[in-house]
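The following paragraphs guide a new reader through the structure shown below. Please keep the sequence and the model in view while reading.

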Number of protein chains: 2
Amino acid sequence: MRMRMKTLGAMRSHLRAQAQMMMMMKKKIEIFPNWRSDNRGLMAASEPRASGGDQDPNSANLIPPSARFLQKNNSLEEKGRLAGHKNLLSCDNSDRDARFRLTETDFSNLFARDLLPAKNGEEPTIQFLLEMVDILTTYVKKTFDRSTKVLDFHHPHQLLEGMEGFNLELSDQPESLEQILVDCRDTLKYGVRTGHPRFFNQLSSGLDIIGLAGEWLTSTANTNMFTYEIAPVFVLMEQLTLKKMREMIGWPNGEGDGIFSPGGAISNMYSVMIARYKYYPEVKTKGMSAAPRLVLFTSEHSHYSIKKAGAALGFGSENVILLSTDERGRVIPADLEAKIIDAKQKGYVPLFVNATAGSTVYGAFDPINEIADICEKYNLWLHVDGAWGGGLLMSRKHRHKLNGVERANSVTWNPHKMMGVPLQCSAILVREKGILAGCNSMCAGYLFQPDKQYDVNYDTGDKAIQCGRHVDIFKFWLMWKAKGTIGFEQHIDRCLDLSQYLYNKIKNREGYQMVFDGVPQHTNVCFWYIPPSLRDMPDGEERREKLHRVAPKIKAMMMESGTTMVGYQPQGKNVNFFRMVVSNLAATQSDIDFLIDEIERLGRDL
Amino acid sequence: MRMRMKTLGAMRSHLRAQAQMMMMMKKKIEIFPNWRSDNRGLMAASEPRASGGDQDPNSANLIPPSARFLQKNNSLEEKGRLAGHKNLLSCDNSDRDARFRLTETDFSNLFARDLLPAKNGEEPTIQFLLEMVDILTTYVKKTFDRSTKVLDFHHPHQLLEGMEGFNLELSDQPESLEQILVDCRDTLKYGVRTGHPRFFNQLSSGLDIIGLAGEWLTSTANTNMFTYEIAPVFVLMEQLTLKKMREMIGWPNGEGDGIFSPGGAISNMYSVMIARYKYYPEVKTKGMSAAPRLVLFTSEHSHYSIKKAGAALGFGSENVILLSTDERGRVIPADLEAKIIDAKQKGYVPLFVNATAGSTVYGAFDPINEIADICEKYNLWLHVDGAWGGGLLMSRKHRHKLNGVERANSVTWNPHKMMGVPLQCSAILVREKGILAGCNSMCAGYLFQPDKQYDVNYDTGDKAIQCGRHVDIFKFWLMWKAKGTIGFEQHIDRCLDLSQYLYNKIKNREGYQMVFDGVPQHTNVCFWYIPPSLRDMPDGEERREKLHRVAPKIKAMMMESGTTMVGYQPQGKNVNFFRMVVSNLAATQSDIDFLIDEIERLGRDL
């Protein structure tokens with residue numbers, strides 16, 4: 001079916017016509033004087049209707065649906081068009097004249113209530129969705145275009161005051177679909193392009209087209225992972241994908257347990273819960289008072305979610321003991337053993353050790369094998385937080401950095417970080433089969449009926465701390481299909497090569513100082529930019545204070561100019577430094593060069 | 001830009017041509033003999049490239065990107081096309097001949113690596129996304145078409161064995177985009193249409209078009225709620241929407257705290273955590289041993305997530321005390337008070353009471369005001385679990401069922417249930433401002449830097465138990481904009497009217513028995529269908545056992561015929577009964593009639 005859809009730019013001209021339309025609407029009300037008290041008379045009562053029954057769902061409309069539709073499509077051709085259900089995306093040559101009258105859709109006079117399931121809602125629905133897709137595909141194209149800014153920064157108060165008609169406030173009355181489309185465009189305009197080749201701000205970046213398409217499908221399917229009954233395909237995809245991931249970890253035959261959770265922090269929380277259940281199952285029913293005073297161990301460089309889990313689950317954040325690291329941010333195994341012994345002497349019971357595979361700031365990989373030796377010696381649960389570094393298991397070149405991961409009892413691995421899968425996509429993988437259900441099941445009869453006609457072992461809901469669970473698997477499964485394991489491997493190798501390029505470029509460059517020496521283990525490159533004014537200043541408190549303010553200033557200017565984004569933070573005794581990370585396949589050496597030029601341009605006069 | 005895109009059906013014919021294409025590819029390799037050892041020579045080294053730098057990200061391809069592209073688009077017209085960046089969705093009349101050569105896209109020879117950020121990836125990217133949109137819009141149309149089945153049921157082993165070329169297994173090598181599109185179609189084919197007008201199986205149903213469009217935009221923006229820095233618009237939308245929700249609860253000026261979480265179970269978990277923090281803040285650092293033996297109270301009909309939270313957070317599921325209910329499933333306040341007194345006498349310390357607003361099975365609303373009186377008397381935290389019933393606050397007609405909710409300390413409210421917002425969308429709302437951050441903050445310096453250029457009070461990450469957090473707000477905000485509060489009100493009133501229609505239809509109908517008497521409080525209608533063979537059987541164990549098997553049998557037949565879906569479960573002493581719920585705006589009286597006809601058709605001979 002051929003059609004012409006006007007752009008949003010052109011649509012704005014219709015706003016002017018809106019007052020005129022309101023006049024017409026009033027006339028229509030006069031034509032259908034009875035619609036409000038009884039609109040049944042306007043519809044055939046016996047046929048099944050998309051919207052109807054005894055009551056029109058849009059009964060607060062000023063115009064009944066049929067009238068609204070006639071008002072917009074008041075030619076015979078328009079009516080004929082509605083009868084056809086052709087592929088709207090294909091614009092072929094045949095039947096040209098008949099279909100070319102489809103011309104423009106006037107969204108200024110259409111509302112949500114005119115879309116499906118409204119009577120005659122199919123055509124406006126499809127046209128609305130296609131208009132949205134036009135906005136989105138334009139956004140996608142621009143995201144990869146380096147002449148586009150990464151962001152168009154505004155302060156909260158500016159956005160709250162309303163930007164050129166972009167009003168965030170919600171009201172009682174509906175807005176026209178035209179306004180909705182304008183709002184969507186504005187939402188993207190004032191957002192941040194996390195897929196831009198020069199967005200280096202987070203561990204998750206990039207915009208994978210297959211993943212994006214997968215996510216669009218996921219939203220369209222709009223189902224829930226808790227039972228096979230309503231998510232048969234997704235549940236199986238999750239099962240198969242988790243098995244593949246366990247194979248890559250190195251557990252025999254990929255056996256074990258696992259689930260996708262809403263992010264690495266929750267995955268890490270699962271690991272602590274399971275460890276507690278394994279050693280002290282009575283805590284599930286009796287509470288923490290049934291266990292001795294348990295302590296958890298994790299690196300001072302590890303993600304804060306281990307501490308959060310300790311606080312949430314009733315261990316207490318002070319009972320999460322932080323381990324010292326070497327200058328590269330890797331746990332010192334001897335320190336772990338010393339702290340285990342110390343805790344035991346104080347009457348605490350060590351339970352759990354987290355080894356980080358790819359720390360957030362330094363990208364450090366803790367020595368898993370040495371930590372595993374200690375865990376075996378003291379009979380402790382070993383968790384590997386590979387939220388950031390787990391992806392390296394896909395790379396034959398880099399997977400050695402996780403050597404020993406097969407000895408872990410549980411592993412967190414976020415495909416939404418290093419592997420470019422859209423947010424959210426995080427897995428908790430467990431070596432012991434069945435333990436997730438043991439830990440979390442409450443056997444809710446209304447959801448997990450044992451007398452279903454299929455094998456209810458496929459229902460996943462009782463393994464989770466969630467009830468409803470978003471379908472996070474499909475986009476990842478689809479990307480794996482589309483790229484193959486080899487495609488993820490290339491992605492990872494390429495990102496690591498690129499960060500090595502950055503490292504090589506700045507390690508001896510004037511005005512730069514590396515936070516730690518040596519080639520980064522992950523894509524994290526941590527460095528200070530020293531403005532000329534500080535280069536000759538002797539080390540000391542004054543210089544430290546000044547240097548501490550450099551990265552925030554440069555970052556603020558970057559954001560205001562919108563050219564690129566990179567993170568900074570202090571760490572321990574180190575004042576604010578830049579943490580560069582690469583996980584976006586769109587980034588190239590030229591983007592790295594650009595970043596360095598930009599830092600020097602903005603920081604030169606500080 | 002005008003174009004013709006073939007359907008997937010037509011695409012299959014291209015598979016036959018693939019062997020021939022491989023022959024052509026080999027020839028191209030000969031034309032570019034050096035690509036593998038050094039493909040820099042094929043590209044201009046100085047210009048910024050979408051894919052490139054020192055290394056082609058697709059280096060494992062058999063063909064360099066440029067060659068692959070030439071091979072597919074080997075006419076001058078094709079090259080000209082690639083230079084233009086026109087609106088792909090608009091098929092206007094001008095420039096017709098030039099653009100009409102766009103004809104078909106052969107996805108059988110395109111791979112993920114050919115899409116953006118690949119050089120010349122823009123055109124295949126857009127065409128791939130549009131082909132996906134064609135699949136999705138076709139799915140959307142069919143979902144609302146009653147001649148489409150709700151599902152095409154297969155057992156797990158059938159899907160795992162592979163259905164007509166739908167292979168769930170993942171492999172090392174990539175699949176063509178044609179196969180990816182076929183997989184997407186199959187994924188939808190073997191799934192369940194939760195938006196179908198005859199899908200009554202879960203509390204979440206329906207397919208809201210605005211919500212869907214919002215979710216497509218969310219995936220395209222692919223960002224994270226943890227900081228204003230990378231989600232400025234979404235963070236503000238969340239803030240404003242939470243304020244509106246608090247206003248509807250009735251808290252003065254909508255003041256308070258809140259956050260969107262990955263589902264009602266997590267929202268309920270938040271409520272328990274906050275209550276503990278309010279009364280025993282030292283548990284955050286010291287663990288549960290710093291508090292006395294705390295107990296929580298919730299109805300025997302309440303959602304199992306309260307018990308799960310009790311188990312996870314270290315209280316122990318046995319310390320979640322279940323309250324008795326009346327025959328309608330509503331908590332008996334006197335039982336609450338008696339159990340509080342009993343617990344205190346046994347040396348436990350009551351902490352928290354959950355009142356359910358809309359229970360999962362019966363749709364019961366606990367008497368909040370009476371419960372609030374008791375909570376005030378004993379100084380307990382009052383949480384209202386309105387995951388299912390919270391939506392009724394939008395209805396002037398039905399909001400009285402939550403009278404007293406303004407006295408709660410916290411409220412769970414899932415717009416993804418009664419309000420038709422796509423999954424996941426759940427809010428935890430808290431009366432006391434700042435308590436979420438107090439409870440959960442760990443002040444991770446690398447993420448929540450205090451020295452940013454904007455007001456960092458807008459960063460939300462430290463309030464959450466998650467680190468990364470999916471953008472759940474946008475679809476909801478957009479629906480609210482598009483429908484207005486009044487649109488949600490109509491949605492809710494209509495669904496409740498429809499369940500009353502069902503109730504009136506079956507309450508005195510032969511072969512039906514209601515599980516409880518009286519008009520349902522929510523859209524839940526609970527009933528037994530009694531097959532003719534059981535109607536004259538005297539009540540007793542044999543009849544109970546037989547009746548227990550009726551609903552599962554009918555449900556299994558329903559799923560196998562794919563005509564409709566409705567839930568069943570036992571509850572307490574009651575054997576399996578059907579629980580009908582309506583939350584889908586697409587459902588009409590005719591669908592209710594259909595469901596009853598279907599139950600009778602399938603159950604007649606049991």
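Across which strands does helix H10 of chain A lie? Helix H10 (residues 264-279) lies across E2, strand E3 (294-299), strand E5 (349-356), strand E6 (381-386), strand E7 (410-413) and E8 of chain A, where contact means heavy atoms within 4.5 Å. The helix runs at about 175° to E6(A); axes are lines fitted to C-alpha atoms, for helices over the stretch in contact, and angles run from 0 to 180 degrees between N-to-C directions. Helices (H or I, at least four residues) and strands (E, at least two) are DSSP runs, numbered from the N terminus.

This is a predicted model, in which local features need pLDDT of at least 70 and side-chain atom pairs count only at pLDDT 80 or more, while totals for chains, interfaces and linings use all residues. Residues are numbered from 1 along each chain as its sequence is written, chains are lettered from A and ligands numbered from 1 in the order in which they are written, and side-chain values use heavy atoms, with hydrogens and water left out.

The strands beneath discussion belong to an open sheet of chain A, whose 7 strands follow the order E2-E8-E7-E6-E5-E3-E4 with mixed pairing; two strands pair if DSSP finds at least two bridges between them. Strand E2 (257-261) and strand E4 (320-323) of chain A each have a single partner strand and stand at the edges, so one side of each is left without a neighbour in the sheet. On average, neighbouring strands of this sheet are turned by 20° against each other, direction ignored. E2(A) is joined by 5 bridges to strand E8 (residues 426-430) of chain A, and the two run antiparallel; here A:Gly258 stands opposite A:Leu429. Helix H12 (residues 305-312) of chain A lies across E3, E4 and E5 of chain A, at about 160° to E4(A).

Chain B holds an open sheet of 5 strands in the order E1-E11-E12-E10-E9, again with mixed pairing. Its edges are strand E1 (199-200) and strand E9 (512-514) of chain B, each with a single partner strand, so one side of each is left without a neighbour in the sheet. E1(B) runs parallel to strand E11 (residues 565-571) of chain B, to which 2 bridges join it, and B:Phe200 stands opposite B:Val566 in E11(B). Helix H19 (residues 541-561) of chain B lies across E9, strand E10 (525-529), E11 and strand E12 (574-580) of chain B, running at about 155° to E11(B).

The two chains also meet each other. Their contact takes 186 residues from chain A and 184 residues from chain B. Between them they bury about 16500 Å², 63% of it on carbon and sulfur atoms; buried area is the accessible area (1.4 Å probe) that two parts lose on being put together, summed over both. The interface of chain A and chain B has 8 salt bridges, each a side-chain nitrogen of Lys or Arg within 4 Å of a carboxyl oxygen of Asp or Glu. One salt bridge joins the side chains of B:Lys286 and A:Glu318 (3.0 Å, N to O). This pair crosses from helix H12 (residues 283-286) of chain B to the loop between H12 and E4 of chain A.

Finally, two loops of chain B deserve attention. A cis peptide bond joins B:Leu116 and B:Pro117, with omega about 10°, and B:Pro117 lies in the loop between helix H5 (96-99) and helix H6 (122-143) of chain B. Another cis peptide bond joins B:Leu423 and B:Gln424.
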